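Dear colleague,

I am handing over the structure below, and my notes on its packing and helices follow. Please read them with the model open beside you.

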Amino acid sequence: MFESITIPRKINEEKLKEVFPFSFSGLNIHDIKKARERISLFELYQRECFKKGFDVREIIRNSSDIIDELMTILWNSFIGENSSHLALIAVGGYGRREQFLRSDIDLLILCNEDQIDAESKSRIESFVSFLWDLRLDIGSSVRTIKETVVASRNDITIRSNLLETHFIAGSTEVYDDLKKSVDTDGFWDNEKFFLAKYDEQNERYHSFRDTIFSLEPDIKNNPGGLRDLQVMQWLSLKILKAKETDTLFSVGLLSKSEYDEYLACQRFLFDVRYAVHCNSNSNILRLDFQKTVSSMLGYGEEGNTPVEAMMRDLYRTFHRVKELNHIVLQLIQLQTHGYVGKDYSEPVFINRDFVQRGHYIDVLDPELFKSDPTKIMDLFVTIATRPNIEKIHVNCLRALREGRRELKEPLITIPECRYRLKTILSMTDSAYKILNLMHETRVLSSYMPQWARIEGLAQFDRFHLFSVDEHSIRVIKNVNELSQSKLPEYQLFRSVYKRINDHELLITAALLHDIAKGRGGSHAAKGAKEAEQFCRLHDFSEYQTQMVRWLVESHLQLNTTATRRDITDIEVIKNFCYFVKDEEHLNQLYCLTVADISATNENVWNSWKDNIFRQLYQSVRFALSQESSDIAASIKTKALEKQKTVMSLLQDDCNKADLLRYIRQLPIEYFMHYQPEDISWHLKNILRYNSENKPLLLFSQNPNIGTELFVYSYSNSAMLFGNIAKTMASKQLNVVSAQVFLTNNMHVLYTFMFQNKQGMPIDTERLNGLRKTILSRIDENSTEFVLPKEKTERKIFDVPTTIVYLDSETDKQTKLEISTLDRNGLLARIALTFARLGYQISAARITTTGERADDYFAITDINGLPLSLSQKNELSLELKAALDII
């Protein structure tokens, strides 16, 4: 028996139509203003029905009836009794009598003659025009019966909509003629209709990344959403000739328990969709109003806990609907074809428990999993050993659902099950396929309670696209896919992956890296303890156990160092070498980190991020490979090699003496950060530049990443960085990276990577105007800056400003990290605050993660010294005053 998932919202048991009626009776169509007011009152009435706690199924049925009344009044007024050849028919959701708040009112105006006469056309046009004048969301089509049948042949959506209609006004004979014509039309035979709906559903799934676990799900179209329920109903109506009063249970597609589950899921999704419509015109449950929706549904109002609870219930409901949908689709195919899948294949008996039917695996005994829970894990080991098995047969799926729900204890408590999971983890080429299938069938949650805790756990930010469990599965997928990717930004990943000695440890760490999320505190530290227990329980060796523990505990460190520290700082490199200890740890951590970042969303990993990770990885690997303990000397040697390469590249373009003299002014950190080709481009332009009054500005485009601005200035004014950042903000450009280098003669080099509002490079033709604006404002002395007005939706996140000083007593600079809510003009505010206090920026790292900004700076006072304690305290107060104003 399934565990019921119910909305906490209290239901009003009174009869809606009796205690809270609404009517359009007496509507005066000659007073358009008052008619619109009645329409507005109707929308308010629908909202009030929900607030009063009435069952959403009753609300949407009642709304459909009220709209029927309105349409009948208007039809009779505009079309009149001269409509024996016309009918007004409701289609779509309105046709099903499921009229949600803000949903379109889908109408079909039908004629049973060969063509619509001129007078009728004129009346119909007046009718439809008036509906638009009332500002109703109308979806209308005007056709003859013949035209409707032809249109349905060309569009599966039209044919589906005609399965669920209801008569509103006009001639019932016309409506009956339509139903007969559609039913007798043989264009969409059962097989063709089934395949079209099957392909349509798969395409819809693909458009949602084939997951139910999107953080902003579409309640209607998401895999497992309301559309899946409708597909089941359409197939029943078309192929099994079900009547309006029939159910999926009465036609034999679902058992009584499964049909009860179907109704419970429908009820849940109806409630969520209605609450969404109270906040939006779309069906998408956006982050912006998830707290509001969870409150409306009775989950509570304090913090993010109500949202997490609502999203968990929603994901579980999506999962159930998707499973029921797959059951119905396979059963219909069995009834019509005698087999499932595209082609028939003779069954292959694998062993006494399982049989292969085409690309599906089936059970021979429907009670198998209930009688022996270890067979659940045998199922997935069997799939892993037979690569051409892709899916689970309906008989097996039903048996698995029942066996899973009757488990008395987690599978991890059974030694035989632990052995089988260890086997799956060791099969690294098929591990993603099997673990994903275990995740989709909720067997991973049945296997270990730790996974059940993160199942459907929403990550309330704009960085992760998926829930914690789905994200973890996608990290495993990335480990496999990126090792074979031909994309240039994953070239280093491919190379490093080949150097790893034990890929099973990488897969295990990927599975467990976020296992302790949602428990408060450091999920990495808590997850490390869980990982160690997991490995010991599954008989990993001591070395393997400690490696997995270390990877889980450290899985954020490479990203933090690469994006939020000055990786040209030799001390940073030395410390990271001590942290990873050897190349195997470095290689494992690199691959886990890249797979992790790439699984958050499709846009976060790019060639720019690849470059900074490559820079850190290669510096650390080079340092680890040196027998000498003097890492600084090794890095200096590497910098000298780059200098020689630059000299060679520029030998025909620059005077050797001038070039050598200038190269010696550049710090080692500069050569660590840039490639020889970039350095050559910089130096060629610097040596040709002879203006001491204005800085040199160079632009370069990085497709799909952003535009890079290189700045070289003789003057290291405290205002220079701030004025450039202020100009970027005024142009609504987003700075995603900034580098600062001081030459030995106190000239300054800046690099800004920036994007437009769409996250892309700005148009090349705009660069000249940007250059002029920057140069015109470069000498401004005002540290005042008006922060651009924020969008309301950004205020849903609470990211208080925190300032952490990272420097030690031996540092010649003050290093600090500023974490705060990301917004346009943030960098300008920070830089201008430094300038106002007379502090120089000697290094900067700008990192944005969703709605959160974590920016690193190394600064000195006006005398080039690190800040004193009192100066730090003053700076912290000034920064918080500047940044906490929204």
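Which residues does Tyr590 touch, not counting residues up to four places away in sequence? Taking contact as heavy atoms within 4.5 Å, Tyr590 touches Leu492, Phe493, Val496, Leu558, Trp605, Asp610, Phe613 and Tyr617.

This is a predicted model, in which local features need pLDDT of at least 70 and side-chain atom pairs count only at pLDDT 80 or more, while totals for chains, interfaces and linings use all residues. Residues are numbered from 1 along each chain as its sequence is written, and side-chain values use heavy atoms, with hydrogens and water left out.

Tyr590 also belongs to the largest nonpolar core (buried Ala, Val, Leu, Ile, Met, Phe, Trp, Tyr and Cys residues joined through side-chain atoms within 4.5 Å), where, among 198 residues, Met71, Phe127, Phe380, Leu435 and Tyr590 touch the most other members. Helix H13 (residues 305-337) gives the most to this core, with 13 residues; helices here are DSSP runs of H or I, at least four residues long, and strands are E runs of at least two, numbered from the N terminus. A second, separate core has 47 residues, including Phe721, Tyr750, Ala828 and Ile846.

In helix H35 (residues 767-777), Leu767, Leu770, Thr773 and Ile774 are buried, that is, under 20% relative accessible area, with exposed meaning over 50% and partly exposed in between (1.4 Å probe, protein chains only). These buried residues pack against strands E9 (696-702), E10 (706-713) and E12 (748-755) and helix H34 (718-730), whereas Lys772 and Ser776, on the other side of H35, are exposed.

With regards
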